[in-house]
Amino acid sequence: LKMSAMLETPELPAVFDGVKLAAVAAVLYVIVRCLNLKSPTAPPELIYQDSDLARFLLKSCPLLTKDGHIQTALYGKMGRVRSPHPYGLRKYLTMPDGATATFDLFEPQSEHCTGEDVTMVICPGIANHSEKQYIRTFVDYAQKNGYRCAVLNHLGALPNIELTSARMFTYGCTWEFSAMVNYIKKTYPQTQLVVVGFSLGGNIVCKYVGESQANQERVLCCVSVCQGYSALRAQETFMQWDHCRRFYNFLMADNMKKIILSHRQVLFGDNNMKKPQNLSDADLSKLYTATSLMQIDDNVMRKFHGYSSLKEYYEKESCLHYLHKIYVPLLLVNAADDPLVHESLLSIPRALSEKRENVMHVLPLHGGHLGFFEGSVLFPEPLTWMDKLVVQYANAICQWEKTKSHCSDTEQAVSGQE
């Protein structure tokens with residue numbers, strides 16, 4: 001009877017969650033201790049072309065003070081600890097094909113260090129949205145530093161938002177992000193933009209900024225964190241077992257399957273919605289048995305935009321062909337121990353940063369994939385090195401722009417007096 005009464009108490013799930021979290025933390029701690037994976041403190045590697053802008057930024061660039069090796073596991077299993085809950089307003093935008101894009105808007109909680117109106121337009125990682133813990137933590141920190149934040153919710157990712165067209169988010173589709181940015185520009189005509197993307201979101205924002213010169217208007221800088229730059233070059237490495245990439249691939253594929261199948265009636269059902277011509281060819285039996293993202297992309301995702309092959313989809317949707325068209329300051333952040341991004345892919349940002357004055361590549365030894373936790377394995381800090389790096393870089397760019405504008409105004413005034 002006592003056991004029966006305990007099972008009926010509402011507090012029990014919370015207890016189980018606490019036990020589960022403690023068990024995960026304990027296992028991670030044992031792995032670190034047994035494998036001696038604790039690494040010495042080291043500053044991140046900075047690759048850039050020497051310029052006045054780079055020297056200005058280096059004064060403000062923080063160093064990685066302490067970091068764990070199993071960052072990705074911490075991020076994936078625990079998320080951000082003691083995450084804040086910033087309050088935002090959800091906005092709905094109707095796309096030309098009938099899809100309903102959504103994003104959450106968060107107003108700044110203090111004045112920006114430059115006194116200017118600055119908005120961060122943020123694109124989360126694969127199948128993510130504004131309610132994810134790492135996004136909430138970053139938004140709260142950005143708000144406290146005087147930034148307005150607009151966070152895109154990937155099409156189909158929010159469990160309580162139904163699709164209104166037979167299309168989901170894809171690896172490189174910039175339509176929804178572009179609609180959000182245009183809304184911000186129109187609603188806040190005085191604001192300047194800081195463009196931020198995490199993982200898959202990093203590919204989308206870099207592709208968006210590089211797609212046209214008009215997309216770079218009022219953009220102070222662009223920041224990409226933990227992306228792979230070329231899906232075509234990454235697909236083979238994503239099937240390899242070193243650094244457990246094949247396992248991560250399986251986990252992400254399983255998550256994508258659940259999201260797609262939760263919308264299967266809209267995407268594949270008999271309804272009046274207009275569907276892409278080759279989407280009807282999608283084999284649901286192949287989707288159920290898929291164990292990799294590549295299989296899902298080939299069977300379903302590429303068909304949303306009419307690509308005839310997986311190779312064409314990855315080639316056209318990667319930001320690789322747009323990076324050299326970005327002329328605003330560009331910060332590319334990766335971790336040397338990211339289990340999802342093979343080291344061969346890091347030659348892309350390295351080569352770009354060595355050639356272009358506006359590009360800086362930051363590569364710490366540790367950080368995993370969107371981890372970058374500080375503190376200890378059992379007691380990580382809620383705010384990560386990644387959060388602080390992005391905000392401090394944005395602050396430095398804003399100060400640089402204000403200093404540059406002030407110098408320009410002074411020169412014009414002196415010239416007028418002469």
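Which handedness does the β-α-β unit made by strand 4, helix 5 and strand 5 have? In this predicted model, strand 4, helix 5 and strand 5 make a right-handed β-α-β unit, and the legends below move from the whole chain to that unit and then to several single residues.

**View 1. The protein chain as a whole combines 15 helices with nine strands.** Of the 418 residues in the protein chain, 54% are buried. The surface that the protein chain exposes comes to about 19600 Å², and carbon and sulfur atoms supply 56% of it. Among the contacts with a separation of 6 or more, 79% are made by residues 24 or more positions apart.

**View 2. Nine strands form an open sheet with mixed pairing, in the order 1-9-8-7-6-4-5-3-2.** The edges of this sheet are strand 1 and strand 2 (residues 89-94), each of which pairs on one side only. From one strand to the next, the twist averages 20°. Strands of a sheet pair through backbone hydrogen bonds, in either the parallel or the antiparallel sense. Here, strand 7 (residues 219-225) and strand 8 pair in the parallel sense over four bridges, and Cys-222 has Leu-330 of strand 8 as its bridge partner.

**View 3. Strand 5 (residues 148-153) is mostly covered, since six of its six residues are buried.** In a regular strand, the side chains alternate between the two faces of the sheet. From strand 5, Arg-148, Ala-150 and Leu-152 point one way while Cys-149, Val-151 and Asn-153 point the other way, and all are buried. Strand 3 runs antiparallel to strand 5 and is joined to it by five bridges, with Leu-152 of strand 5 serving as the bridge partner of Phe-103. Strand 4, by contrast, pairs with strand 5 in the parallel sense over four bridges, and the bridge partner of Met-120 in strand 5 is Cys-149.

**View 4. Helix 5 (residues 133-144) lies across strand 3 (100-106), strand 4 (118-123), strand 5 (148-153) and strand 6 (192-198).** Helix 5 runs at about 170° to strand 4, and together with strand 4 and strand 5 it makes the right-handed unit introduced at the start. Helix 6 (residues 175-187) also packs on the sheet, where it touches strand 2, strand 3, strand 4, strand 5 and strand 6. The direction of helix 6 makes about 165° with that of strand 4.

**View 5. Gln-143 has its place in helix 5.** Is Gln-143 buried or exposed? Its relative accessible area is 2%, under the 20% limit, and Gln-143 therefore counts as buried. Leaving aside residues up to four places away in sequence, Gln-143 touches Pro-86, Tyr-87, Phe-106, Glu-107, Pro-108, Gln-109 and Ser-110.

**View 6. Val-225, in strand 7, is buried with a relative accessible area of 0%.** Not counting residues up to four places away in sequence, Val-225 touches Gly-197, Phe-198, Ser-199, Val-333, Leu-370, Phe-372, Met-386 and Val-390. The C-alpha atoms of Val-225 and Leu-200 are separated by 9.1 Å, and these two residues are 25 residues apart along the chain.

**View 7. Cys-226 and Cys-244 each have a positive phi, although neither is a glycine.** Cys-226 is found in the loop between strand 7 and helix 8, and its phi is near 65°. Cys-244 lies in the loop between helix 8 and helix 9 (residues 245-262), with a phi of about 60°. Cys-226 is buried, with a relative accessible area of 1%, whereas Cys-244 counts as partly exposed at 42% relative accessibility.

**View 8. Helix 14 (residues 347-355) has among its residues the buried Ile-348, Pro-349, Leu-352 and Ser-353.** Seen down the axis of helix 14, these buried residues fall within an arc of 120°, so they line one face of the helix. What covers the buried residues of helix 14 includes strand 1 (residues 45-48), helix 8 (231-237), strand 8 (330-333) and strand 9 (359-363).

Notes
Residues numbered from 1 in each chain as written. Predicted model: local features only at pLDDT ≥ 70, side-chain atom pairs only at ≥ 80, totals over all residues. Heavy atoms only, no water. Buried < 20%, exposed > 50% of the residue type's maximum accessible area, 1.4 Å probe, protein only. Helix = DSSP H or I, 4+ residues; strand = E, 2+ residues; numbered from the N terminus. Arc of directions from axis to C-beta. Contact = heavy atoms within 4.5 Å. Areas by Shrake-Rupley, 256 points an atom, 1.4 Å probe, with all protein chains shown as cover. Pairing = 2+ DSSP bridges. Axes fitted to C-alpha atoms, helices over the stretch in contact; angles between N-to-C directions. Right-handed = clockwise from strand over helix to strand, strands pointing away.
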